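User: I am new to this structure and would like a close look at a single part of it. Please take me through the salt bridges, one after another.

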Amino acid sequence: MDPHEFVEHVQLRPAIVLTGTAKEGKSGPPVGLVDIGISAVAYLFRISLPGVRKDQCNVKCDIQRDGKVHVHGVITSGGVLRDSPSVYQIRVQQLCTPGPFSVCFNLPGPVDPRLSSPNFRSDGILEVIVMKYRASGF
């Protein structure tokens with residue numbers, strides 16, 4: 001398959017379902033933007049989670065064998081900033097509002113969820129590589 005055909009490949013334009021803060025889409029960087037990459041043996045997906053801090057939340061990424069991905073968690077930063085000696089009440093909210101979020105989408109094909117490597121980057125991107133499902137005996 002010609003690499004340029006991937007751009008137009010319908011399966012690589014996933015239907016994405018957003019709930020909670022991700023759905024509200026208020027001002028600030030959007031939560032839940034998804035990029036999907038494909039190779040001969042694996043899929044790569046990246047999800048934008050600005051405002052989600054790795055050390056202050058419980059982001060969970062559930063991957064099913066049929067390729068369905070469900071990422072959910074809670075954005076904890078928001079109205080009051082307590083990360084310094086002073087407490088600040090936020091008056092202008094340009095970043096994502098705090099609260100639960102959920103992002104669901106389907107990868108282009110089946111995967112082996114046991115063979116995944118998630119990486120929550122410091123820039124607020126959850127990056128996951130998951131191996132394609134290979135039937136035994138092939």
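**The salt bridges**

Analyst: In this predicted model, the count of salt bridges comes to four. One of them joins the side chains of R46 and E127, with 2.6 Å from N to O. R46 belongs to strand β3, which covers residues 42–48, while E127 belongs to strand β10, residues 125–132, so this pair ties together parts that lie 81 residues apart in sequence. The two partners can also be described by their accessibility: R46 is partly exposed, at 34% relative accessibility, whereas E127, at 17%, counts as buried, because the limit for buried is under 20% relative accessible area.

Another salt bridge links R121 with D123, and here the closest N and O atoms are 2.7 Å apart. R121 has a relative accessible area of 26% and is partly exposed, and D123, at 48% relative accessibility, counts as partly exposed as well. These residues do not stand apart from the pair described before, since R46, R121, D123 and E127 are linked in a network of salt bridges.

A further salt bridge is formed by D112 and R114, whose closest N and O atoms are 2.8 Å apart. In this pair D112 is buried, with a relative accessible area of 8%, while R114, at 67% relative accessibility, counts as exposed; the limit for exposed is over 50%.

Terms used: Residues numbered from 1 in each chain as written. Predicted model: local features only at pLDDT ≥ 70, side-chain atom pairs only at ≥ 80, totals over all residues. Heavy atoms only, no water. Helix = DSSP H or I, 4+ residues; strand = E, 2+ residues; numbered from the N terminus. Buried < 20%, exposed > 50% of the residue type's maximum accessible area, 1.4 Å probe, protein only.
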